[in-house]
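Reader: I would like a close look at the place where the ligand sits in this protein. Could you walk me through what surrounds the ligand, and then through the space around that site?

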Amino acid sequence: MGRILAIESSCDDTCAAVLDGLSIRSNIISSQIKLHKKWGGVVPEAAARAHVEAIIPVVQEALEAAKVGLESIEGIAVTNRPGLIGSLSVGVAFAKGLAMARNIPWLGVHHLEGHLWSVLGSDPTFRGPSVTLIVSGGHTELVQVDGPGRYHLLGQTRDDAAGEAFDKCARLLSLPAPGGVSIQSAASGYDGQNYPLPQARVGALEFSFSGLKTAVRNLVQSEGTRLNIERAAASIQAAIVEPLVKKTIFAAEESGSETVCVVGGVSANLELRHRLGEECQRIGVRFLSPPLELCTDNGAMIGLAGFLRLELGEQSGPEVDVLASAPLP
Ligand code: KG4
Ligand code: ZN
C-alpha cells in the first residue's frame, strides 16, 4: 500500500489528506466554525450539508497540494465512527463511491484511533507500547497502547471531556470558540495567583470536569465586573491541565510504561504539553506528542492510522456502516 487518500468528516470540519505511506504530502481542513457560530454550537443537519458542499473541493485541494492525480491513489481511509451520523455519512459515502469507481480498497477508521496514531507525525517508527492520554472535545481517556489495534482502556472522564470543559468555561467568560484556544491565549500573559477552583475527587485514573463549570459560573457571578479574565483563564487552564498531568503520570508509573503520549485537540495546549513533558522527564520516561497541526481533527491522522491497517491487507466491505458511538477497536 503506497499512496492513500484520507478523509475525516465526523463533526464540523471537512478534512482530506494525501499520504505516501506514513509521509504526509498534504493535509487540508475546511472549518465550519463560522457557520455554527450563530447557533452557539454544532447543528448536525447544517454540518452534514456543509460537508456535502465542501467534500469535493477539499479533496481536490488535497490532491493539488500533494501534486498528485486521483489515478495515483491506491487506498482510501475514512472516519466511520464515532461521530455525527449525517457528517460521517458524507465522508463514508464519498470514500465508498470512489473505491468502487477506482476498484481500490477503502477502510473505515475509528476517530480516536486516528488521534492515537497522530504521534506518527512526530516519530514514524513508533508502534507502542505507551500510556496515551486522549483529550478532545468529546473524549478524555487514558489508554494503554500495546501496538496497532491493541488498546486497553485504563480510565476516562465521568462527565465532561477536557475540551468540552475548556469550551463551556470559555463561553462563561464570553470568549470565542474554540474555547481551548481562547483560554490558552487569555491565560498566556498572566503570571499571578490563581482564583481558587475545586479539583474533583474521583478514582485515581478517572476524571471529572462538570464541577469546574459550576465553579466558574459562580465565580463569574460573584466577581461581576471585577472579574480578571486573564486570571480566570489561567485558573481554568490549571484546573484542567493539572489533573490530566497527575493522572497520566500516575498511570505511567503504575504500568511501568517507558513512553507517554498525549493526543487529541486539547493536546495542542502548550501548558499541557509543557507540564507533561516536564513530569515525564522527572520520572524518566519518553514523552511523545503530535506536531501542533495534527492535534485537532484532520485527515492526515486518519491516513496514518489507516495506513497501519491497510498495509496489513485489512479493508472494509460494502456493508460497513457509520456509527454514532463505538468503543476503540
Ligand atoms: O480533537 P478535536 O479537534 O475534536 C474532537 O474530536 O472533539 O478537539 C477539539 C477540542 C475543543 O474542545 C477545543 O477547545 C480543544 O480541542 N482545543 C484546545 C486547544 N486547541 C483546541 N484546548 C486547549 N488548548 C488548545 N490550544
Ligand atoms: Zn477529534
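Author: Happy to! Start with the polar contacts: an oxygen atom of ligand 1 lies 3.4 Å from a polar backbone atom of G138. Bear in mind that this is a predicted model, so every distance here is a computed one.

Two side chains make polar contacts with ligand 1 as well. In Q184, an N or O atom of the side chain is 3.1 Å from a nitrogen atom of the ligand. For N269, a polar side-chain atom is 3.1 Å from a nitrogen atom of ligand 1. As for how much of the ligand is covered, ligand 1 on its own has 560 Å² of accessible area, and the protein covers 87% of that.

Now widen the view to the whole shell. There are 19 residues around ligand 1, and those that come nearest are H115, G137, D167, G180 and D297. Sorted by class, this shell has twelve polar residues, five nonpolar ones and two charged ones. Three helices each supply at least two of the shell residues: α4, spanning 111-116, α5, spanning 162-172, and α6, spanning 179-187. Of the elements, α6 gives the most to the shell, with four residues.

What is the space that ligand 1 takes up? It is the largest pocket. This pocket has a volume of about 1,500 Å³, and 42 residues line it. D12, I33, G137, D167 and P178 are the lining residues that lie nearest its centre. The elements giving two or more residues to the lining are α1, which covers 33-37, together with α4, α5 and α6. Here α5 gives the most, with seven residues, whereas in the shell around ligand 1 that place goes to α6. By class, the pocket lining has 19 polar, 15 nonpolar and eight charged residues.

Two names are worth picking out from these lists. G137 and D167 are among the residues that come nearest ligand 1, and they are also among those nearest the centre of the largest pocket.

P178, another of the residues nearest the pocket centre, brings us to the backbone. The peptide bond joining A177 and P178 is cis, with omega at about -5 degrees. P178 is in the loop between α5 and α6, and both of those helices contribute to the shell around ligand 1.

A cis peptide bond also runs from G128 to P129, with omega near 0 degrees. P129 has its place in the loop between α4 and β6, the strand at 130-135. One more backbone feature deserves a mention while we are on loops. K67 has a positive phi of about 60 degrees although it is not a glycine. You will find K67 in the loop between α2, which covers 44-66, and β4, which covers 75-81.

Finally, there is an enclosed space to set beside the pocket. The structure holds one cavity of 30 Å³ or more, and the largest cavity contains about 30 Å³ of space. L116, W117, V119, F126, S130, T132, V145 and C261 line it. That cavity lining has six nonpolar residues, two polar ones and no charged ones, while the lining of the largest pocket includes eight charged residues.

How values were computed. Residues numbered from 1 in each chain as written. Chains lettered and ligands numbered in written order. Predicted model: local features only at pLDDT ≥ 70, side-chain atom pairs only at ≥ 80, totals over all residues. Heavy atoms only, no water. 1 Å grid on protein atoms, 1.4 Å probe; cavity = no way out; pocket = protein on both sides within 12 Å on 5 of 7 lines; lining within 4 Å. Points joined across faces, edges and corners; volume = space filled by probe spheres on them. Nonpolar A, V, L, I, M, F, W, Y, C, P; charged D, E, K, R; others polar. Near = heavy atom within 4 Å. Polar contact = N/O pair within 3.5 Å; in protein donor to acceptor, adjacent residues only side chain to side chain. Areas by Shrake-Rupley, 256 points an atom, 1.4 Å probe, with all protein chains shown as cover. Sits in = over half its atoms within 2 Å of the grid points.
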